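Dear colleague,

Please find the structure below, with its sequence. My notes on charged side chains follow it.

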Amino acid sequence: MPICLPPNRIVMNKPATFSVFLRSLGFVCLFLAMMIAAVYVVAADDAYYYECQRRADILPSSGISDEALKDLDARLSRYLCRHDEAALCPDSVLQLDVFGVRQPAFNEREMTHLLDCAELFDTASACLCLFCAAAVLLIVLSGRPRPRDSACAAAFAVFMLACRMLRLERLAAASALAAMFLALRGQTGRARPAWFALTLVLLPFTVFAVWACLDFDAAFTFFHRRLFSNDLWLLDPRTDLLIRICPESMFMSMGLRIALTSAGALVGIPLLLTLWDTLQQRQITFHAGGTSQ
């Protein structure tokens, strides 16, 4: 006896191969955006800078006071994440008492390296928004969402671009995530492409993380040589305050925090989609069983 589903009930068919490919690619873009957003979450937390520095007991070797260190952390965070030049150059050159001598906080080599870092964050910000826009577009194209859902997803994408202009990267990532979940309504087979994309994204980063655990210095050097076209990141603690207030243990702690933040977001999304697919399939089975009786 044929089964008749109630009106307005979505018939859940397996998505075509091309739709699965688009959806998987969309999740790859989303996960990369989430990882960049995790970097911003950690880099914008100047209180965490200070916590790492306090654990490393860097004050005696830094030559500056506790209050000066807190202020410098806040300025560095603003400069890197917002490219706020006034943070490090409020009037002309930021001056500090270093070992009792009034002098510029950072020398020319350090300032040039910080500029390189700020430009790297600018590139990361642009990549984040590009990945977000691509993720929303690919997810919408991978299925046939209702016109209202497509319009809302487009509105979220426009809002995300506005967030980029205002340098609100974390809000941009959250907007893209909401837009994607909205576009996924009415689709099926959501979890499997997400798990596949997660594997593709995590595999190279997991290899790098294991390498960093085994030989942090080698991984750190490799990372910096790929990111920077010069050797300005090689600083001397005898002359450069920046390296004295940013010890190796601080980079290790920040890297671990970025990894844990990213992993929580990346694994959480496929888990939610798996739960969503399961509940939706049970609902369809329930209605189908009730209709057949």
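**Salt bridges and one unpaired aspartate**

Arg 75 is buried, with a relative accessible area of 17%. Please bear in mind that this is a predicted model.

The partner of Arg 75 is Asp 71: the two form a salt bridge in which the closest N and O atoms are 2.8 Å apart. Asp 71, at 35% relative accessibility, counts as partly exposed. Both residues belong to helix α4, and because they are four residues apart, about one helical turn separates them.

A search of the whole structure finds nine salt bridges. Besides the pair in helix α4, I should like to draw your attention to two others.

One of them joins Arg 190 to Asp 277, with 2.9 Å between the closest N and O atoms. Arg 190 is found in the loop between α8 (169-183) and α9 (191-214), whereas Asp 277 is in helix α12, so this pair ties together parts that are 87 residues apart in sequence. Arg 190 and Asp 277 are both buried.

The other links Asp 45 and Arg 257, whose closest N and O atoms are 3.5 Å apart. Asp 45 sits in the loop between α1 (17-43) and α2 (46-56), and Arg 257 in helix α12 (residues 248-292); the pair therefore ties together parts that are 212 residues apart in sequence. Asp 45 is partly exposed, at 25% relative accessibility, and Arg 257 is likewise partly exposed, with a relative accessible area of 32%.

Side chains of opposite charge can pair when their charged atoms come close. Which side chain of opposite charge is nearest to the buried Asp 73? That side chain is Lys 70, which is 9.0 Å away, and Asp 73 has no salt bridge. A salt bridge requires the nitrogen and the carboxyl oxygen to be within 4 Å.

Asp 73 lies in helix α4, which covers residues 66-82. With which side chain does Asp 73 share a polar contact of 3.0 Å? The answer is the side chain of Gln 53. If neighbours within four places in sequence are left aside, the residues in contact with Asp 73 are Asp 46, Tyr 49, Tyr 50 and Gln 53.

To restate the point about this aspartate, Asp 73 is buried without a salt bridge, and its side chain is joined to that of Gln 53 by a polar contact.

Yours sincerely

Notes:
Residues are numbered from 1 along each chain as its sequence is written. This is a predicted model: local features need pLDDT of at least 70, side-chain atom pairs count only at pLDDT 80 or more; totals for chains, interfaces and linings use all residues. Side-chain values use heavy atoms; hydrogens and water are left out. Helices (H or I, at least four residues) and strands (E, at least two) are DSSP runs, numbered from the N terminus. Buried means under 20% relative accessible area, exposed over 50%, partly exposed in between (1.4 Å probe, protein chains only). Lys and Arg count as positive and Asp and Glu as negative; His and the chain ends are not counted. A polar contact is a pair of N or O atoms within 3.5 Å; within protein, one must be able to donate a hydrogen and the other to accept it, and residues adjacent in sequence count only if both atoms are side-chain atoms. Contact means heavy atoms within 4.5 Å.
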